[in-house]
Amino acid sequence: MVQPVAHDKLTTPPSKSGCPINMTVELLGDRWSLIVLRDIMFSGATHFRELLSGSIEGIASNILAARLSKLVDAGLLTRDDDPSHRQKVEYHLTEAAIQLVPVMAQLGAWGARWLDTTPELTVRAELLAAGGPALWERFMAELRAIHLHGAPPPTDGVLSELTAAYEAAVRREQEAAG
């Protein structure tokens with residue numbers, strides 16, 4: 001992994017220690033920050049309303065607004081005018097947020113292994129874990145194209161593979177229940 005130079009560091013409030021684990025937890029350790037990043041990363045949502053209505057955890061609008069602001073201020077998201085509508089903004093992942101893909105993959109794999117999760121919400125974590133670093137690199141390249149360069153999501157990319165697996169798991173769960 002490429003180490004950022006000093007001017008590439010994220011903006012964070014002063015910390016009690018310079019421990020990288022402590023500082024990361026201070027930045028991302030609240031209940032919602034990683035969930036907001038997850039939703040932008042894995043759902044393709046970039047607008048406030050999409051993130052609010054798509055939150056399966058039911059984030060409140062004031063909490064979403066606060067987390068988006070925090071993540072923008074820290075340098076994990078950008079807030080850009082939406083070219084299709086004057087009163088809308090889009091949120092995009094920065095390189096620092098994109099490089100959280102391996103962390104998200106490991107968190108998902110750990111949760112799938114040790115927690116009582118649902119099959120449809122576990123399938124993406126299992127695929128990311130099984131794909132390992134090669135898949136993570138492909139996904140990060142796809143996210144860079146979308147969020148840093150404005151490319152449309154590819155129809156045959158990692159995100160579409162993960163979404164298809166999720167949708168298939170949802171169908172299996174519905175068939176088993178119905």
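This report describes the salt bridges of a predicted model and the confidence that goes with it.

Residues are numbered from 1 along each chain as its sequence is written, and side-chain values use heavy atoms, with hydrogens and water left out. Because the model is predicted, local features need pLDDT of at least 70 and side-chain atom pairs count only at pLDDT 80 or more, while totals for chains, interfaces and linings use all residues.

**Confidence**

The term pLDDT stands for the predictor's confidence in each residue, on a scale from 0 to 100. Its mean over the chain is 89, and 96% of the residues reach 70 or more. Among the elements of the chain, helix 5 has the highest mean pLDDT, 97, whereas helix 1 (residues 20–28) has the lowest, 80; helices here are DSSP runs (H or I, at least four residues), numbered from the N terminus. Over residues 1–6 the pLDDT stays under 50, and for this stretch the model has two contacts beyond four places in sequence, a contact being heavy atoms within 4.5 Å.

**Salt bridges**

Side chains of opposite charge can pair when their charged atoms come close. A salt bridge is counted here when a side-chain nitrogen of Lys or Arg lies within 4 Å of a carboxyl oxygen of Asp or Glu, and by this rule the count comes to six. Three of these pairs are set out below.

| Acidic residue | Basic residue | N to O distance |
|---|---|---|
| Glu57 | Arg38 | 2.7 Å |
| Glu95 | Arg144 | 2.7 Å |
| Glu161 | Arg138 | 2.9 Å |

The pair of Glu57 and Arg38 links distant parts of the chain, 19 residues apart, with Glu57 in the loop between helix 3 (48–54) and helix 4 (61–74) and Arg38 in helix 2 (residues 33–43). Glu57 counts as partly exposed at 28% relative accessibility, and Arg38 is likewise partly exposed, at 23%; the term covers values between buried (under 20% relative accessible area) and exposed (over 50%), found with a 1.4 Å probe on protein chains only.

The salt bridge of Glu95 and Arg144 joins helix 5 (residues 95–98) to helix 7 (residues 119–148), so this pair ties together parts that are 49 residues apart in sequence. Glu95 is partly exposed, with a relative accessible area of 27%, and Arg144 is partly exposed at 22%.

Between Glu161 and Arg138 there is a salt bridge as well, and this pair links helix 8 (residues 158–177), which holds Glu161, to helix 7, which holds Arg138, across 23 residues. Glu161 is partly exposed at 38% relative accessibility, and Arg138 is partly exposed at 42%. Elsewhere, Asp30, Arg67 and Lys70 are joined into one network by salt bridges that share partners.

Key
Helices (H or I, at least four residues) and strands (E, at least two) are DSSP runs, numbered from the N terminus.
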